[in-house]
Structure formats: C-alpha cells, structure tokens
Amino acid sequence: MLNAHKTSVITVSYHTGAVLFDMIASVLAQDGLAELIVVNNGNPAPIVEKLEGMVAQHPKLKFITGHGNVGFAKGNNLGAKAATGDYLFLLNPDSVLEAGDITTLMEQSQKMPRPHLIGPRILDANGKEQSGSRRGELTPWNALVEVFLLYKFFPKLQRWKWHEAPLPPDITEVPAISGAAMFLPRDDFFSVGGLDEGYFLHVEDVDFCFNLRKAGAKIYFMPQLAVKHVGATSDAPKPVVERHKTISLSRYFHKNFAGTTPLPLLWILDAGIWVRFYVYLLRNKFVR
C-alpha cells in the first residue's frame, strides 16, 4: 500500500541563500515524507546555526555537517546512506515543491517497471521549462554539435537538450533528466553505486542516467508534475563553477566512450570544451 511507503528527500546545500528555507518548508509539508536530509557542503555560520535549531523543532529534518565541501555527488551519497525511506528524492536546495508532489511521485513510481528514475518538469522563476529538464543521451557526436554550434548551420541536427521540443502529454521515457530533481526507489539508487564521486560539480546527473540505462533501468520525464527551480542562488564564483563543468564534461566522455570513440575525436572534443571555457572567461572579463 502507498501509505506504508515513505520518501527521503536529500538536498545538498552550498551557500544557497534564503530560498533554502522555502525549499525546507515545502518539503516538510509533504505527505509521505520519511525525512528531509540537508547535507551542508558549506554555509555561513548563521545559516548553520538556524538549521541546527530547526532540527530540534522538526523531527523529520536531519542535518549532516562537518565534512566540508565534498562536492555534489558525494554530498548526495552521504544523504542517501543516511536515508530510511523506500524512495529517494534528490532535490536541489533552491527548488520548491507543491502540495502532494511526493505522493504523486510515489504513486507513479509504483506503476513503473524496476529499476527506474523519474524526473519532473523543472521550471525557472518565470515558469519556463529549464534546459536540463529532459535530455537525449550525451555522446561525443552531439557534444560536438553543441560545442561547435553546428546546429546553427544544420538545423535538422538533433540537439542534446530537448526542452524546446513539444511537451509530451504524459510521462515518457527519455535518455536523461536533470539532477535538480531525481526520484527513484532507494534500492535502484544503490544498484549502480549511487552518484560517481569522481565528479565534483556538474555532469554527475548525466553520468548517473547513463549508468542506470546501462544497467537496464528506464528514465522517465513526468511533464504533469512541475517543480520550481530558482537556480544560480549559490554565491560560488561563476568561473569556478564553469571550470568544474568543463572538467566534468571531459571526464564523462573519456570514462564512458574511450573504448568506442576514436581517441583523436575525444581530443578534438576536449579542445572545444576548454576553448569554450576560456571564451567564457574572456567574454565575462570584457562584459564587465
């Protein structure tokens, strides 16, 4: 029965800001909640003190701290290991749920073949679907299409991100979803060892979807359930974030495609990824 099942929500916070407490309030109000586990990867002392005070008042709120900034993947894995729910909901700390979202996800999950992963439609502050909400499989070829802007010259080339495609009427299978909101049975999370901790920030969600599909799981995009994701609330320097993204992209391709893709093609892709990063640095320097 559904009432016998509970969900553990895990969120990893690094200097998230005030929206963290909006997220906490929206999660604690959910039916079917086993606990909300906040993993502190680095927050100002006043925020930490406030969170510790909230734990004493809310029995379903857990706080994991003292480990420093260990990265998004390892932070989520720490939370997952401490979770007691039948389901895990990995949720960004700058996201806000609507009433009944967890119940809806559990009901949907019980209808799907195992193993599986479900991602809701993710909306920005203006109500527009965010670019990572649903994706194709990230391969060296479609990465080249993106990095070298080939889609501008050849419009029929399929792009990696599908957020501009027509919205499907119901839950549908996709190759990948966003790490901002990932829901799955707890056992399915650990069936592939959780998130790869070799990624510090970015691309770990794409890699997780790749690993799940390789293990026989199905990834689903659920358009009828939308999660508001404010995004970019952390005060981490943007060049640092972009550098981590660049490193993670290179790692992803060499880890997953080195045996099936000619090495020179991977080198070309590496060059394109890093050139794009340095162009970003130059543009931001002169834009200021």
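Helix α8, spanning residues 204–214, supplies the largest share of the lining of the largest cavity, namely 4 residues. The model under discussion is a predicted one. In this model there is 1 cavity of 30 Å³ or more, and the largest cavity encloses about 40 Å³ of space.

The wall of this cavity can be traced residue by residue. G136, E137 and L138 contribute to the lining, as do P175 and A176. The lining further includes V206, C209, F210 and R213, together with Y252. Sorted by class, these lining residues comprise 7 nonpolar, 1 polar and 2 charged. Empty space of this kind is revealed by rolling a probe the size of a water molecule over the atoms.

Attention now turns to a pair of helices. A packed pair is described by the angle between the two axes and by the distance between them. Helix α1 covers residues 19–28 and helix α2 covers residues 45–57; their axes come within 12 Å and cross at roughly 15 degrees. Because angles under 35 degrees count as roughly parallel, α1 and α2 are therefore roughly parallel to each other. The crossing of α1 past α2 is right-handed.

Which residues make the contact between α1 and α2? From α1, the participants are L20, F21 and I24, and they meet I47, K50, L51 and M54 of α2. By class, the residues of this contact comprise 6 nonpolar, no polar and 1 charged.

How values were computed. Residues are numbered from 1 along each chain as its sequence is written. This is a predicted model: local features need pLDDT of at least 70, side-chain atom pairs count only at pLDDT 80 or more; totals for chains, interfaces and linings use all residues. Side-chain values use heavy atoms; hydrogens and water are left out. Axes are lines fitted to C-alpha atoms, for helices over the stretch in contact, and angles run from 0 to 180 degrees between N-to-C directions. Helices (H or I, at least four residues) and strands (E, at least two) are DSSP runs, numbered from the N terminus. Angles under 35 degrees count as roughly parallel, over 145 as roughly antiparallel, 65 to 115 as roughly perpendicular and the rest as oblique. A crossing is left-handed if the near helix is turned anticlockwise from the far one by less than a right angle, and right-handed if clockwise. Contact means heavy atoms within 4.5 Å. Ala, Val, Leu, Ile, Met, Phe, Trp, Tyr, Cys and Pro count as nonpolar, Asp, Glu, Lys and Arg as charged, and the others, Gly among them, as polar. On a 1 Å grid over the protein atoms alone, a cavity is a set of points where a 1.4 Å probe fits but cannot get out, and a pocket is an open set with protein on both sides within 12 Å along at least five of seven lines; lining residues have an atom within 4 Å of a point. Grid points are joined across faces, edges and corners, and a volume is the space filled by probe spheres set on the points.
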